[in-house]
Amino acid sequence: MKILIADDDALSRRLLEKTLERAGYEVTAVENGKQALEQLSKLEGPRLALLDWVMPELDGPGVCRAVRKRSEQTYVYMVLLTSKGTKEETVLGLESGADDYLTKPFNAEELRARLRVGERILLLEDRLVEARENMRFRATHDPLTSLLNRGAIMDLLARELHRSHREKKSTTILLGDVDHFKQVNDTYGHVVGDEVLIEIANRLLGSVRSYDFVGRYGGEEFLVVLNSCDPAFAPGRAEELRRSVSNRAIQTAKGSLNLTMSLGALMSSDWGLRTVEELLHEVDTALYQAKASGRDCLRMARPIARTEPVPAPLLQPMRLRR
Amino acid sequence: MCVSKPIQLEFLRLDMERLGDSKLEHGSETMKKNEDGHSDPAWNLAELLERVDNDQELLRDLLNIFKEDFPLTMRSLEVAVAAEDLKNAARLGHTLKGMLSSLGGVRTAAAAARLEVIASAGETASLKGALDALKCEAASLLPELEAYMAEVRH
């Protein structure tokens, strides 16, 4: 584990450095508070710190206060190590944001034990962050396909709608629907149906760029948002996605299945001043036309421009059946 | 005179008062009695060896750092005391206290601590006396360190 030592006294620094290296730590040693803060501000910087109280540039409590002011970074466990020893100073040190306090000259065994406490706290924090991230993932992703769920993709689409208006960037919305999916479920069962959805989700995800969004919009419907996509290339990109489904059979427990997908598309050059709901209605109409045209094809939406400004995108879910 | 750590200001003030009442000899002996009647060595090698886990190489490193840094810090302190620069005197006293206590120089560290307290309290009149006391303690510590270094070099 990485640890930072900040002490202006070279002798004390060397002693700490060696003691902690022996204990298995990866040590970074600096000689003032400003350098300590720089190290602790690094993205992959140390999360354990031993800070001398009296230091040039910025003292130990000053470093603690500056670190605690940041809310976006991971927790840093800080121990003030100093020869100051009155109760008032101890309180002052802890109130500056230090987690623990050790007086000089330190006892090596006590120091190691206190740092192990710090490691336990950091491990606990890691577990909490991991649990929070898992919950966040579950709240925003479809459990079957691991794609963004309907709520999450609609949120992102709403943000993208604002961004494309503001930055005058081109964006394309695609709504895809697996053709004759009901027959798959009816013929082979829901387990095979799920296998098909997982595979199609993987193919769609594998066909877009890292900054595009793919979400599961409904049962066998997928919503794709192609960010910063030049209108001239949008139909071609949509065709690639369609072919990613049809160009090879899907392997399932009941054998390989040849499936296709119909797509409706709407480019931001045609968005005008409409709500998310209106845009989705238009792209859904285009998808309906693709279905009516024999399926396994793409149809571009032909929007009607709206001239009145819209205060904010409305996120009312739509339910359109095919 | 010895002051055990953690240093309590009240005890320290009493010690300082006692210092004013009696003439203490400095540097003539390497063991002095503290208020409990126990003797403190000028240099507590056993404590230092324990701190460095008996690592002789590290010990040599620390002594070399001390040999280089201590005279420089002392010189800066002398300048600060001569100029009655209390802020710098307190800071340098603090640095010396940390350095000396890490090295096991118990009595000299206590003398540096006294100087830090005096400077922090703004007691300009006592500053020179505290510096002299520190020098006296250092005078008994440094030969011990030199002797040890000479011994381990051979």
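The following legends describe close-up views of a predicted model with chains A and B.

**Figure 1. Overall make-up of chain A in the predicted model**. Chain A contains 10 helices and 12 strands. Of its 322 residues, 38% count as buried. Among contacts in chain A that link residues at least 6 apart in sequence, 66% join residues at least 24 apart.

**Figure 2. Packing of helix α3 against helix α4 in chain B**. Helix α3 of chain B spans residues 56-82, and helix α4 of chain B spans residues 86-103. Their axes come within 9 Å and cross at roughly 160°. Because angles over 145 degrees count as roughly antiparallel, α3(B) is roughly antiparallel to α4(B). The crossing of these two helices is left-handed.

**Figure 3. Residues at the contact of α3(B) with α4(B)**. From α3(B), the participants are L62(B), F66(B), D69(B), F70(B), T73(B), S76(B), L77(B), A80(B) and V81(B). They meet N88(B), A89(B), L92(B), G93(B), T95(B), L96(B), M99(B) and L103(B) in α4(B). Sorted by class, the residues of this contact comprise 11 nonpolar, five polar and one charged.

**Figure 4. The contact between chain B and chain A**. Chain B supplies 21 residues to this contact, and chain A supplies 15 residues. On the side of chain B that touches chain A, the elements giving two or more residues are α3 and α4 of chain B. Of these, α4(B) gives the most, with nine residues. By class, this side of chain B is made up of eight nonpolar, five polar and eight charged residues.

**Figure 5. The largest nonpolar core**. In soluble globular proteins, nonpolar side chains tend to be buried together. The largest nonpolar core in the model has 70 residues. The members that touch the most other members are A6(A), A36(A), A49(A), L51(A), M78(A), A89(B) and L115(B), and this list draws on both chain A and chain B. Helix α5 of chain B, residues 106-120, contributes the largest share of the core, 10 residues.

**Figure 6. Surroundings of M78(A), and a second core**. When residues up to four places away in sequence are left out, M78(A) touches A49(A), L51(A), C64(A), V67(A), G97(A), A98(A) and D99(A). Two of these neighbours, A49(A) and L51(A), are also listed with M78(A) among the core members that touch the most others. A second core, separate from the largest one, has 44 residues. Its members include I153(A), V208(A), V224(A) and M261(A).

Conventions
Residues are numbered from 1 along each chain as its sequence is written. Chains are lettered from A and ligands numbered from 1 in the order in which they are written. This is a predicted model: local features need pLDDT of at least 70, side-chain atom pairs count only at pLDDT 80 or more; totals for chains, interfaces and linings use all residues. Axes are lines fitted to C-alpha atoms, for helices over the stretch in contact, and angles run from 0 to 180 degrees between N-to-C directions. Helices (H or I, at least four residues) and strands (E, at least two) are DSSP runs, numbered from the N terminus. Angles under 35 degrees count as roughly parallel, over 145 as roughly antiparallel, 65 to 115 as roughly perpendicular and the rest as oblique. A crossing is left-handed if the near helix is turned anticlockwise from the far one by less than a right angle, and right-handed if clockwise. Two residues are in contact if their C-beta atoms, placed from the backbone, lie within 7 Å. Ala, Val, Leu, Ile, Met, Phe, Trp, Tyr, Cys and Pro count as nonpolar, Asp, Glu, Lys and Arg as charged, and the others, Gly among them, as polar. A nonpolar core is a set of buried Ala, Val, Leu, Ile, Met, Phe, Trp, Tyr and Cys residues joined through C-beta atoms within 7 Å. A residue is buried if 20 or more other C-beta atoms lie within 10 Å of its own, exposed if 12 or fewer, and partly exposed in between; C-beta atoms are placed from the backbone.
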